[in-house]
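Me: I am new to this structure. Please take a close look at one part of it, the largest pocket, and tell me what lines it.

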Amino acid sequence: MPQLRIDPDGFRLDGEPFRIIAGGLHYFRVHPGQWADRLRKARLMGLNTIDTYVPWNLHQPEPGRFLLGDGLDLPRFLELAAAEGLHVLLRPGPYICAEWEGGGLPSWLLAEPGIRLRANDPRYLAAVDGYFEALLPVVLPYLATNGGPVLAVQVENEYGAYGDDTGHLRHLADRLGELGVDVPLFTCDQPDDLARGSLPGVLATTNFGSRAAAGLAALRARRPEGPLMVTEFWNGWFDRWGGLHVIRDAADAAAELDAVLAAGASVSLYMFHGGTNFGFTNGANDKHTYRPTVTSYDYDAPLDEAGAPTAKYHAFREVIARHAPVPDEPVPAPSKKLSALGIALDRVAPLLAGAALLGEAVSGPRPLTMEELGQDFGFVLYGTRLPDAGTTHLYVDQVRDRAQVFVDGAAVGVLERESHHKALTFTAPRAGARLEVLVENQGRVNYGQGIHDRKGLLGDVLVNGRAPHEWTSRPLRLTSLDALDFTPPTAHTTGPAFHRGLFDVETPADTYLDLGGWTKGNAWVNGFHLGRYWSRGPQRTLYVPAPVLRAGANEITVLELHATARTTVALRDEPDLGPLEE
């Protein structure tokens, strides 16, 4: 494969002038059975390069264990990109932001008290070194210098928005080089952060979604010569629970893209195809109020969540054709979608009664955080005994992030980090009643100093002003539901429970799970974790990729966290991402 060179007047590829026209496509947000389809559509739109982050937290869920299977098969993704004739910009972090859980930093880092992330804390640097030492031998064969598609590798990610420690960036860049990365390195920052986030001797690039002339001028002021590159051209945006579905007018975004290309700059669309925050992988923001990101990462991108070309795809293709060759091939039509109504969920497994089947409790004098339990995602079920009957005041210093409170199995209230709720009053039916608190990690903060985001019940937990000293902390990772015992429901379901049912499919196709009438929880199809749903919206359907389904019988499992009389769900042939914010 050709190699990229950085000259004073721009990029060169094997000695010839070259402009990067790229788009973001995160392999870990797309079912691996659909990677080839998405890459082909990238080439057909006129892209010559794909950029992708690498999520440290998924690849290395615990120290010394590095995963590359199934949806984390990065070598296969790179091979498919090369087979499509696409170059790759690789962005391995260690921090990636991306509205991804913890910005891609593994939760086990936070088991270290007082650790400073994205800094020269020796504990953090040792972990980063271990990550690079596991990842880079896998990546090196795919560098352009070794005949692969990877043209360049990013150092950290928007570091200037977080800190100004050039020494930290230098450590990361040096380690990449020492471990064999010999393609160009680059940094990316928003225009106002370029001075803090760039590194001498490393290509500086910028990120923005509008005011292209001003953004490129800021980059040129910082780097008087060399290529102009927009590593993240924000052509859409993400959604948060409780907000509206954000879109950006296709014509407006196309005009701004045209301005970038007319200036002679290289560009990468953020995003070309957003995909989905499957499972528990969504991130969150916390600028004085905690705001978790929804499951869909549609991002109002040129390819929608199911991989269908949108009006923005066609508008961008026209713009790119003014500045670079675009394949003279037809763009594929949207895939057929599946619809099925009234799917009965006719078997139930209560969560509280079955919790021992899902995780082993740890006893101690206080509630343990998720990180202390060695847990990354999911829930923790805390338990203790109430000393007295009667009016009871529960106080929790920090709820991370949403706590449902039960007394002898009966729901008595909810405490939410987002609403700054810390206290609850209820009536204990007897001395010795069992207090249980089910805490959901709704997504670790992915931006700013809030990334030091430990989960569970933190700080003081008081009952009538006193701290109980006998607690159980039970991690509920929900990575497998096989141990659960499902039976026909005997009455109205009054607490958190798993609901399961079967449906038949003749020919698998993309579809959208409609959970209208349900309140909050998670959903699985054939064991594949689709993600979270929540009636507060905006998102109202969950994307089900066609490869998850099979001809014949299929299984849906819904974890509903609240009482419900619902017994059915539906599959729709169109998504519902909620009311619009334009």
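Reply: What follows is a description of the largest pocket, with the second largest pocket set beside it. The model is predicted, and every value below is computed from it.

The largest pocket has a volume of about 1300 Å³. Its lining is made up of 44 residues. Those that lie nearest the centre of the largest pocket are Leu58, Thr281, Phe377, Thr479 and His529. Four elements are worth finding in the view, as each gives two or more residues to this lining: α2 (56-59), β28 (520-525), β29 (528-534) and β31 (552-560). Of these, β31 supplies the largest share, 3 residues. Sorted by class, the lining of the largest pocket holds 20 nonpolar residues, 15 polar ones and 9 charged ones.

Now the second largest pocket. Its volume is about 480 Å³, and 26 residues line it. Nearest the centre of the second largest pocket lie Glu99, Trp237, Phe238, Asn285 and Lys287. By class, this second lining consists of 12 nonpolar, 6 polar and 8 charged residues.

To go through the largest pocket on screen, start from the residues nearest its centre, Leu58, Thr281, Phe377, Thr479 and His529. Then turn to strand β31, which gives 3 residues to the lining, and go on to α2, β28 and β29, which each give two or more.

Key. Residues are numbered from 1 along each chain as its sequence is written. This is a predicted model: local features need pLDDT of at least 70, side-chain atom pairs count only at pLDDT 80 or more; totals for chains, interfaces and linings use all residues. Side-chain values use heavy atoms; hydrogens and water are left out. On a 1 Å grid over the protein atoms alone, a cavity is a set of points where a 1.4 Å probe fits but cannot get out, and a pocket is an open set with protein on both sides within 12 Å along at least five of seven lines; lining residues have an atom within 4 Å of a point. Grid points are joined across faces, edges and corners, and a volume is the space filled by probe spheres set on the points. Ala, Val, Leu, Ile, Met, Phe, Trp, Tyr, Cys and Pro count as nonpolar, Asp, Glu, Lys and Arg as charged, and the others, Gly among them, as polar.
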